[in-house]
Amino acid sequence: VEGGAAGGFTFTRVNTDPAQPLTATFAPSGTAAAGADYTLSLPAGSPNTLTAGPDGTWVLTFAAGQTAADVRVVAAADGAAEGWEGVTLTVRPGPGY
């Protein structure tokens with residue numbers, strides 16, 4: 001996508017207590033460059049939180065009662081003619097999942 005259009009990923013929690021918040025760390029990779037080609041965000045009004053972590057990782061916190069979280073990948077509107085680029089989000093091991 002180009003020009004500020006969005007794609008995304010859905011994270012789903014299973015085998016955890018949805019009544020409790022859950023924090024998961026993930027790392028983006030791929031041929032698209034974070035910041036230059038895209039940004040990551042949550043949809044407006046999401047009860048979950050998303051923050052930049054150390055070493056290029058991101059921290060997604062599921063709010064209590066939430067079993068899914070959508071993370072938006074918003075393409076930069078840079079006007080550059082580019083070939084296909086992709087983004088992969090890899091969940092890192094963590095406590096509670």
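Strands β4 and β5 run antiparallel, and 4 bridges join them. The model that shows this is predicted. Across the pairing, Ala-52 stands opposite Trp-58 in β5. The two strands form a hairpin with 5 residues between them. Within this hairpin, Asp-55 takes a positive phi near 60°.

Stay with that loop for a moment. Gly-53 lies in the loop between β4 and β5. Gly-53 is partly exposed, because its relative accessibility is 22% and buried means under 20%. Gly-53 touches Trp-58 and Val-59, leaving aside residues up to four places away in sequence. Thr-25 is 28 residues from Gly-53 in sequence. In space, the C-alpha atoms of Gly-53 and Thr-25 are 8.1 Å apart.

Thr-57 is also in the loop, between β4 (49-52) and β5 (58-62). Is Thr-57 buried or exposed? Thr-57 is buried, because its relative accessible area is 5% and the cut-off for buried is under 20%. The side chain of Thr-57 reaches the backbone oxygen of Pro-54 at 2.7 Å. Thr-57 has other neighbours too. With residues up to four places away in sequence not counted, Thr-57 touches Thr-25, Phe-26, Ala-27, Ala-52 and Arg-92. Ala-52 has already appeared, as the residue opposite Trp-58.

Phe-26, one of the residues that Thr-57 touches, leads to the next feature. The structure holds 1 aromatic pair. Phe-11 and Phe-26 form this pair. Their ring centres are 5.1 Å apart, and 40° separates the planes. The pair is tilted, because that angle is neither under 30 degrees, as in a stacked pair, nor over 60, as in an edge-to-face pair. Why does the pair tie together parts that are 15 residues apart in sequence? Phe-11 lies in strand β1 (residues 6-12) and Phe-26 in strand β2 (residues 22-29), so the pair links those parts. Phe-11 is buried, and so is Phe-26.

Strand β2 also leads towards Arg-72. Pro-28 and Arg-72 are 44 residues apart in sequence. Their C-alpha atoms are 12 Å apart in space. Where does Arg-72 lie? Arg-72 is in strand β6 (residues 68-75). Arg-72 counts as partly exposed, with a relative accessibility of 33%. Its contacts, again without residues up to four places away in sequence, fall in two stretches of numbering. Arg-72 touches Ala-6, Gly-7 and Gly-8, and also Thr-39, Leu-40, Ser-41, Leu-42 and Pro-43.

Now step back to the whole protein. How many helices and strands does the protein have? The secondary structure comes to 0 helices and 7 strands. From the N terminus on, the elements run β-β-β-β-β-β-β. In a regular strand, side chains alternate between the two faces of the sheet.

The C-alpha trace spans about 45 × 25 × 20 Å along its principal axes. Of the 97 residues in the protein, 27% are buried. Phe-11 and Phe-26 are buried, and Thr-57 is buried as well. The protein exposes about 5600 Å². Carbon and sulfur atoms supply 56% of that area.

One last figure concerns contacts along the chain. Take contacts between residues at least 6 apart in sequence. Among these, 76% join residues at least 24 apart.

Technical notes
Residues are numbered from 1 along each chain as its sequence is written. This is a predicted model: local features need pLDDT of at least 70, side-chain atom pairs count only at pLDDT 80 or more; totals for chains, interfaces and linings use all residues. Side-chain values use heavy atoms; hydrogens and water are left out. Rings of Phe, Tyr and Trp (its six-membered ring) pair if their centres lie within 6.5 Å; planes under 30 degrees apart count as stacked, over 60 as edge-to-face and the rest as tilted. Buried means under 20% relative accessible area, exposed over 50%, partly exposed in between (1.4 Å probe, protein chains only). A polar contact is a pair of N or O atoms within 3.5 Å; within protein, one must be able to donate a hydrogen and the other to accept it, and residues adjacent in sequence count only if both atoms are side-chain atoms. Contact means heavy atoms within 4.5 Å. Two strands pair if DSSP finds at least two bridges between them. Accessible areas come from the Shrake-Rupley method with a 1.4 Å probe; for residues, only the protein chains shown count as cover.
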